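Colleague: I'm new to this one, so could you walk me through it with some questions and answers? Let's get it on screen before we start.

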Amino acid sequence: MATIPNTFCLPLTPVTAQRRRNQRVLLRRFNGPHQFSISSIQPFRPQFVSCRKLKCSVISSAYITGPDAFVSENDPKFEESDDSLEVVQPIEVISWGFLWKLVSRHKLRLLASVLSLVGCTTCTLTMPLLSGRFFEVLVGTRPERLLDLLSKVGLLYALEPILTIIYVVNMNSIWEKVMSSLRAQIFQRILIQKVDFFDRYKVGELTALLTSDLGSLKNIVSENTSRDRGFRALSEVVGTLSLLFALSPQLAPILGLLMLVVSIIVALYKRSTVNVFKAHGLVQASIADSVTESFSAIRTVRSFSGEKRQMSVFARQVLEYESSGIKLGTFKSFNESVTRVAVYISLMALYCLGGSKVKAGELSLGIVASFIGYTFTLTFAVQGLVNTFGDLRAALAATERINSVLSDAEIDEALAYSLEKDMKQKKVHDETLELYLVNGSNGKKQSTKTRYMSTLKFGGNVRNLAETGDICLEDVDFSYPVRPDVEILRGLNLTLKCGTVTALVGPSGAGKSTVVQLLARFYEPTRGRITVAGEDLRTFDKSEWARVVSIVNQEPVLFSVSVGENIAYALPDEYVSKDDVIKAAKAANAHEFIISMPQGYDTLVGERGGLLSGGQRQRIAIARALLKNAPILILDEVLDDIVIRDGPSALVKGSSEPNSFG
Ligand SMILES: Nc1ncnc2c1ncn2[C@@H]1O[C@H](COP(=O)(O)OP(=O)(O)OP(=O)(O)O)[C@@H](O)[C@H]1O
């Protein structure tokens, strides 16, 4: 494993006597391969500055994710792209155009769906007509053989289910494929947001976008392919009305009126329940939120005996859910009975008017019987159609929610470009990623991307620079985007000398971890710049930069896979041999405890690594960082007794394992 030219420790707070002793150990031990320096950082007294200034400095269309790079000389690469620095309008994640683009990729299935829909509707609408004829044959007013008529009815009964299968299967397949692409696109879109986006939204809210909101969109087709819903209901309503006016212009208005009344009733029902539905949905979401919070913080709940409190919070929400559910039920029952009343009135009108016309010989018995059949067809179809409109409205609201969260949020352009570049150059060999390769509908965005991608410096350079050059923070100011009026860093100048270990010390909240986040480019300075070998970090492809920085965080997070897989995550796009994993674990002094676990490297670590101790988690995180073999290693509050061995170079923080350093 290569040496670590730049090592940056961020450990020492609060600076207790014990820790001071540890620092000395650190110093003594590092007088070998590395030089060691300690920089101190003082908390910056928060100042309230004008937000206007900060807002203006954000250039959303550029790959520069903070303000303009502070470059002493004119950089031709920046000038080339000047004309495209105008603000790009927020791009809707889900638009009609994009949906159509996804749907139209399945033209054959679409054709099969349309043809089978026409077939199904024809069968359905012919049935009441044949029932009418059946009565006429029975009473002898129609000179048709009963067997012929029954064979026609039998044919329709056989055809309709077959066509229904073709229709439902194709519609579902198209929509499932569309939804998969959409889900993948939205997941990717969330993944490439700037880090402050994740400071703004709770995980539960983001999860809801991908689950319940996209679920509403999915339902618009998957729950509306049955006979009385969606396109089938629409085609039945249109078909029935046309047929009725052709059969009997005198009776048709009765059913036309029925249709109007039923749709008004259902629409009124929907409208009056909008708020109850909304409240119901919100309570449902907050139940999910509170369940996630209770279970993920189960140890905190236990340690404070907070079970009763959590139970009471949950029960309050469940009761709210129950009460909105009961209200919905009451509305539903009114809707059902009023609709029935409308149907019965229409039937009575049909019996009276139709009966008198049959008696007067103006209308055949078969037509009146068909009309009675069409009454039910029309009622179910209209009800279904209005319900489908309700679903459509829910889907539109969900789409609006997704768009409002994601369209205005700022994508981390630098990350998006490098990810797209990797995928386009097929650097990532994974067939499942094909799902993400659907271009959005915005061509302008594409051309802006391509232009900015060309302004990034050649990626291969980054590693060389990081291995040989100092890292300098030059006059850096920083405020977190969620609290733009609180300055965390002001005018910070710091040099991390190449080939040395630098420790940053300071009181809690001074901004040490913030410096780490800036070095990792999770955030960009609000003023000033960070350079490596004199080059502004913002001129580098973000993924390339991520490859040259390894971080072990204060609270390292592990994935709920095996220990070995967690270490191998250092190189997520590459094949990592078990030998390399073991070598890294040994260097991080983690090998012994790993092999003492029941399944060794295959032991599962649980959610967020919860089945391991904090120290074990950190050792695995260090092994992961070492396997990455990045030229810059950042340790943020690594436990005092953690020892890293790394071939000729090593970093020790803490002194409780005197024999672990060779
Ligand atoms: N994501 C964030 N959004 C807004 N403010 C933040 C965020 N993270 C940290 N802060 C604030 O920034 C300040 C500096 O925090 P930072 O974590 O850098 O301190 P630190 O020196 O590393 O502290 P410690 O030694 O306790 O870890 C604190 O006041 C903190 O509240």
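Modeller: Sure, and keep in mind that this is a predicted model. Let's begin with residues 365–386, which are 100% helix and 0% strand. The C-alpha atoms at the two ends of that stretch are 32 Å apart.

Colleague: And which residues does the UniProt annotation "transmembrane region" cover?

Modeller: The stretch we just looked at is on that list, which comes from an unreviewed entry. Another one, 149–169, is also 100% helix and 0% strand in the model, with its end C-alpha atoms 31 Å apart. The full annotation reads 110–129, 149–169, 251–269 and 365–386.

Colleague: Zooming out, how many helices and strands are there in the protein?

Modeller: The chain has 662 residues, and 33% of them count as buried. Among contacts between residues at least 6 apart in sequence, 82% join residues at least 24 apart. As for the elements themselves, the count is 23 helices and 11 strands.

Colleague: Why is strand β9 described as largely enclosed by the rest of the structure?

Modeller: Look at its two sides: Ile632, Ile634 and Asp636 point one way, Leu633 and Leu635 point the other, and all are buried. Strand β9 (residues 632–636) is largely enclosed because the buried count is 5 of the 5 residues.

Colleague: Which residue stands opposite Ile634 in β9?

Modeller: The strand to check is β8 (residues 549–552), which pairs with β9 in the parallel sense over 4 bridges. Both of its faces are covered, with Val549 and Ile551 buried on one side and Ser550 and Val552 buried on the other. Ser550 has Leu633 as its bridge partner. Opposite Ile634 you'll find Ile551.

Colleague: What about the sheet of 4 strands: in which order do they come?

Modeller: Strands in a sheet pair through backbone hydrogen bonds, either parallel or antiparallel. This sheet is open and its pairing is antiparallel. The edge strands, each pairing on one side only, are β4 (487–496) and β7 (535–536). That gives the order β4-β3-β6-β7.

Colleague: Which residue in β6 does Glu474 stand opposite?

Modeller: Here we're looking at strand β3 (residues 471–479) and strand β6 (residues 527–532), which run antiparallel and are joined by 5 bridges. The residue in β6 that faces Glu474 is Arg529.

Colleague: On to the inside: which residues have the most contacts inside the largest nonpolar core?

Modeller: That core has 55 residues, and helix α23 (residues 614–628) gives the most to it, with 7. Apart from it lies another core of 26 residues, including Met171 and Leu406. Leaving aside neighbours within four places in sequence, Ile567 touches Val581, Ala584, Ala585, Ile620, Ala623, Arg624 and Leu627. The residues with the most contacts inside the largest core are Ile567, Ala584 and Ala623.

Colleague: Last one: which residues come nearest to the ligand?

Modeller: The shell around the ligand divides into 4 nonpolar, 8 polar and 3 charged residues. Helix α18 (residues 512–519) supplies the largest share of that shell, 3 residues. Of the 15 residues around the ligand, the nearest are Tyr480, Ser508, Lys512, Ser513 and Thr514.

Notes. Residues are numbered from 1 along each chain as its sequence is written. This is a predicted model: local features need pLDDT of at least 70, side-chain atom pairs count only at pLDDT 80 or more; totals for chains, interfaces and linings use all residues. A residue is near a molecule or strand if its C-beta atom, placed from the backbone, lies within 6 Å of it. Ala, Val, Leu, Ile, Met, Phe, Trp, Tyr, Cys and Pro count as nonpolar, Asp, Glu, Lys and Arg as charged, and the others, Gly among them, as polar. UniProt positions are given in the numbering used here, feature names are shortened, and annotations may be inferred rather than shown by experiment. A residue is buried if 20 or more other C-beta atoms lie within 10 Å of its own, exposed if 12 or fewer, and partly exposed in between; C-beta atoms are placed from the backbone. Two residues are in contact if their C-beta atoms, placed from the backbone, lie within 7 Å. Two strands pair if DSSP finds at least two bridges between them. A nonpolar core is a set of buried Ala, Val, Leu, Ile, Met, Phe, Trp, Tyr and Cys residues joined through C-beta atoms within 7 Å.
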